[in-house]
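Let's take a walk through this one together, from a single side chain out to the whole chain and then along its charged pairs. Keep the viewer open as you read.

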Amino acid sequence: MLSDLLTTTAPKYSMKLNSSGKTIHFRPFLVREEKSLLLALEENDPKLVMKAVADIILSCCESIDNPLELPIFDVENIFLNLRARSVSEVIHLSFEDDETGEIISTTINIDDIKLSNTPENGEIKINDEIIVNLRYPILKDFVDSSVNLETSEGYYDLISRCITKIQTPTEAIDTTSYEVNEIKDFLESMNKTQFNKILNYFKNIPKFTYDLNFTNSAGKTKTITLEGMQDFFGLPSVTLV
């Protein structure tokens, strides 16, 4: 096919995954791949956007067989690198100041967007008898499920999906084969101190963040913090110069 002339000669770049330190190689995304993301953004459906991102990662990146299994912060990192190499390292942003109503226009350099925390080992000692093993949320948690983080119930569902093992002095229970409701019942059987240990792990989930500083026409200096999938992928210029 004629299109193969372009894809086989596309430049290759490399980057490291924050979760594992593994080096992966990728090419810039194509017009058809950009189009699929733009269509998903127009639908204003986060699941469609994440599915489109997963498809782009699968097409553009070598050595990634299933993007749905990637932690969200790896997805953010890969996409930001793809965007930098495919479009520009600069994202143009316009927003309305909530005090003056004026439109603020500025730019963000992708290289200045940093990971908030170092990934941690998800082994939590609940008491002298029980250790819970956790993983970070992965793309699949949001694409394939009805997780809604706008509700407390949705947050419990997400945490339940991220429990991979429960260790006791006599056995290690693989919880990936259990129903979410059964694991949620395990969570709700904890006391407050035990549950807070679990919550602290999720409160410190690594995410890519950027502090946007500006001064409005009233002379007031403000800071807006952009972070994570929703903020960066929701920018109108996410694929446009």
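**A lysine under cover**

K184 is buried, at just 7% relative accessible area, and the cut-off for calling a residue buried is under 20%. Bear in mind as we go that this is a predicted model. You'll find K184 in helix 7. Which residues does K184 touch, once those up to four places away in sequence are set aside? They are E153, Y156, D157 and S160.

Now look at helix 6, which covers residues 152-161. Its buried residues are G154, D157, L158, I159 and S160. What do these buried residues pack against? The answer is helix 5 (139-143), strand 8 (163-167), helix 7 and helix 8 (192-203). D157 and S160 are worth a click, since both belong to the buried set of helix 6 and both are touched by K184.

Stay around helix 7 and turn to the surface. There, E179, E182, D185 and E188 gather in a patch of negative charge. E179 sits in the loop between strand 9 (172-174) and helix 7 (180-188). Is E179 buried or exposed? With 61% relative accessibility, E179 counts as exposed.

**Zooming out**

Time for the whole chain. It runs to 241 residues, 41% of which count as buried, and it has nine helices and eleven strands. Take the contacts between residues at least 6 apart in sequence: 59% of them join residues at least 24 apart. On the outside, the chain exposes about 13400 Å², and carbon and sulfur atoms supply 47% of that area.

**Following the salt bridges**

How many salt bridges does a search of the whole structure find? It finds ten, and three of them make a good tour.

Start with E62 and K12, whose closest N and O atoms are 2.7 Å apart in their salt bridge. E62 is in the loop between helix 3 (46-60) and helix 4 (72-86), while K12 is in the loop between helix 1 (3-7) and strand 1 (13-16), so this pair ties together parts that are 50 residues apart in sequence. The two partners differ in cover: E62 is partly exposed at 36% relative accessible area, whereas K12 is exposed at 51%.

Next comes a local pair. K51 and D55 form a salt bridge with 3.0 Å between the closest N and O atoms. Both lie in helix 3, four residues apart, or about one turn of the helix. The spacing makes sense because an α-helix has 3.6 residues a turn, so residues three or four places apart point the same way. K51 counts as partly exposed at 37% relative accessibility, and D55 is also partly exposed, at 36%.

Last stop: K222 and D98. Their salt bridge brings the closest N and O atoms to 2.9 Å apart. K222 lies in strand 11 (residues 221-227) and D98 in the loop between strand 3 (90-96) and strand 4 (103-109), so the pair ties together parts that are 124 residues apart in sequence. Their cover contrasts too: K222 counts as buried at 16% relative accessibility, but D98 counts as exposed at 73%. Nor does this pair stand alone, as D97, D98, E99 and K222 are linked in a network of salt bridges.

Definitions and conventions
Residues are numbered from 1 along each chain as its sequence is written. This is a predicted model: local features need pLDDT of at least 70, side-chain atom pairs count only at pLDDT 80 or more; totals for chains, interfaces and linings use all residues. Side-chain values use heavy atoms; hydrogens and water are left out. Patches are made of residues with over 30% relative accessible area and no salt bridge: like charges are joined within 9 Å, nonpolar side chains (Val, Leu, Ile, Met, Phe, Trp, Tyr) within 5 Å. Accessible areas come from the Shrake-Rupley method with a 1.4 Å probe; for residues, only the protein chains shown count as cover. A salt bridge is a side-chain nitrogen of Lys or Arg within 4 Å of a carboxyl oxygen of Asp or Glu. Lys and Arg count as positive and Asp and Glu as negative; His and the chain ends are not counted. The place of a charge is taken as NZ of Lys, CZ of Arg, CG of Asp or CD of Glu. Helices (H or I, at least four residues) and strands (E, at least two) are DSSP runs, numbered from the N terminus. Buried means under 20% relative accessible area, exposed over 50%, partly exposed in between (1.4 Å probe, protein chains only). Contact means heavy atoms within 4.5 Å.
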